[in-house]
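User: I would like to go through a structure with you, one question at a time. Please reason through each answer before you give the value or name.

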Amino acid sequence: MSQLRSVVLGCGSYLPARILSNDELARSVETTDEWIVQRTGIRERHIAAPGELTSDLALAAAKAALANAHVDASSIDLIVLGTSTPDQTFPATAVTVQAGLGITQGAAFDVQAVCSGFVYALTVADSMLRTGTAKRALVIGAETFSRILDWNDRTTCVLFGDGAGAWVLEAQEQPGTSADRGILTTHLRSDGRHRSKLYVDGGVSSTQTTGHLRMEGKEVFKHAVAMITDVITDAFNATGYTAADIDWFVPHQANKRIIDGSAHKLGIAPDKVVMTVDRHGNTSAASIPLALADAVADRRIKRGNLILLEAMGGGFTWGSVLLRW
Ligand code: UT7
């Protein structure tokens, strides 16, 4: 029986011009390029310019995605933006993007699930597309984590970067099999008992300040591979696909060791893994669409490919998406 699926029409990304290398960082905090590369795989990250906002990054990525999809902004009736670094407490950064694109119809809102933000935003948009609530969606992950870093804390400031990525998705009738194009399955999880392992020590109702990112890195690391592989196993069980069927694994880019460990445990070959953590650092909700746009631009990812996404981050939140490009 035919089925409505959320099919990706195009994607795009944006990185701020300024690149901050490990060596440059090592001049302001007690660290080395060698330590950062060995523990994380990160070599450099992009940093937003003064006055360059999350919405600016998101808007640039959205415009690139619309151009790549060959669709007009006026046809978009849903914008879901994953971010933990919004321009303001309210309104949602998504409505600033909506206004920037000249869209006056449909709905636009933010989703806050930290590093899992893109997977969460995609899942919400997929649900709305499949139920007919919207027809054509922009899903964006955009962050300016540089604004919430404690630049004196070497255990966190070396890890993160700024950027944005966006997809255009459309509800399309598909035959209703696992060979369909579009999103085939999504799985979201969270467990708030872990919320103090990765958090920002400020907020509207608590301190009335923005605060800085704090993380028990080892604790996050300890849980990451198990949580990621668990939720990917759910995606395999739901579709009947296995690791051998995956054309491209596009994981959240937090740490090369976590990505390698997850791929190894699942039996996904290293040459199927899209890795950008070396050049982008951890861009939280932006990392998956940034990595994916890279692999589309250099023609690794092609139409018909089976793509596996996963993310894990603050909350903890985690999730997976399996789709056919
Ligand atoms: O997006 C999802 C959320 N985030 C993550 O997924 C991150 C998860 N965690 C990690 O990626 C890793 O835990 C880190 C990369 C953050 C840290 O790696 P680690 O292997 O767990 O190192 P560690 O925290 O155990 O620190 C080892 C040593 C410590 O020194 P001592 O106590 O052994 O003397 C740290 O003080 O490395 C020291 N250290 C550093 N040294 C140089 C910590 N940060 C740095 C640094 N440069 N930047």
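User: How far does a polar side-chain atom of N282 lie from an oxygen atom of the ligand?

Analyst: This is a predicted model, and the distances are computed from its atoms. N282 is among the residues that come nearest to the ligand, a group that also includes T31 and R39. The partner on the ligand is an oxygen atom, and the distance from a polar side-chain atom of N282 to that oxygen atom is 2.8 Å.

User: How much of the ligand's accessible area does the protein cover?

Analyst: The ligand on its own has 950 Å² of accessible area. There are 23 residues around the ligand, with H252 and N255 among those that come nearest. Of the accessible area that the ligand has on its own, the protein covers 75%.

User: Which residue has an N or O atom in its side chain at 2.9 Å from an oxygen atom of the ligand?

Analyst: H252 can be set aside, since a polar side-chain atom of H252 lies 2.8 Å from an oxygen atom of the ligand. The residue with a side-chain N or O atom at 2.9 Å from an oxygen atom of the ligand is K218.

User: Where does the second largest pocket lie with respect to domain 1 and domain 2?

Analyst: The second largest pocket has a volume of about 580 Å³, and 27 residues line it, with L159, M215, G217, F221 and N255 closest to its centre. Domain 1 (3-174) and domain 2 (182-324) both contribute to this lining, and therefore the pocket lies between them.

User: Which element gives the most residues to the lining of the second largest pocket?

Analyst: The elements that give two or more residues to this lining are α2 (33-40), α6 (154-157), α7 (217-239), α8 (256-266) and β12 (306-313). By class, the lining holds 15 nonpolar, seven polar and five charged residues. The element that gives the most, with six residues, is α7.

User: What is the volume of the largest pocket?

Analyst: The lining of the largest pocket comprises 31 residues, and S84, T85, P86, Q112 and T210 are those nearest its centre. At least three residues of that lining come from each of domain 1 (3-174) and domain 2 (182-324). The space in this pocket amounts to about 930 Å³.

User: Which element gives the most to the lining of the largest pocket?

Analyst: Two or more residues of this lining come from each of β5 (107-111) and β9 (198-200). The lining as a whole has 12 nonpolar, 15 polar and four charged residues. The element that gives the most, with three residues, is β9.

User: What is the omega of the peptide bond from F90 to P91?

Analyst: P91 is placed in the loop between β4 (78-82) and α4 (93-100). The peptide bond that leads from F90 to P91 is cis, and its omega is near 5°.

User: In which loop does F316 lie?

Analyst: The peptide bond from G315 to F316 is cis, with omega near -15°. F316 itself belongs to the loop between β12 and β13 (317-324).

User: What value does phi of V114 take?

Analyst: V114 is found in the loop between β5 and α5 (117-130). Although V114 is a residue other than glycine, its phi is positive, near 50°.

Technical notes: Residues are numbered from 1 along each chain as its sequence is written. This is a predicted model: local features need pLDDT of at least 70, side-chain atom pairs count only at pLDDT 80 or more; totals for chains, interfaces and linings use all residues. Side-chain values use heavy atoms; hydrogens and water are left out. On a 1 Å grid over the protein atoms alone, a cavity is a set of points where a 1.4 Å probe fits but cannot get out, and a pocket is an open set with protein on both sides within 12 Å along at least five of seven lines; lining residues have an atom within 4 Å of a point. Grid points are joined across faces, edges and corners, and a volume is the space filled by probe spheres set on the points. Helices (H or I, at least four residues) and strands (E, at least two) are DSSP runs, numbered from the N terminus. Ala, Val, Leu, Ile, Met, Phe, Trp, Tyr, Cys and Pro count as nonpolar, Asp, Glu, Lys and Arg as charged, and the others, Gly among them, as polar. Domain bounds come from an automatic or database domain assignment. A residue is near a molecule or strand if one of its heavy atoms lies within 4 Å of it. A polar contact is a pair of N or O atoms within 3.5 Å; within protein, one must be able to donate a hydrogen and the other to accept it, and residues adjacent in sequence count only if both atoms are side-chain atoms. Accessible areas come from the Shrake-Rupley method with a 1.4 Å probe; for residues, only the protein chains shown count as cover.
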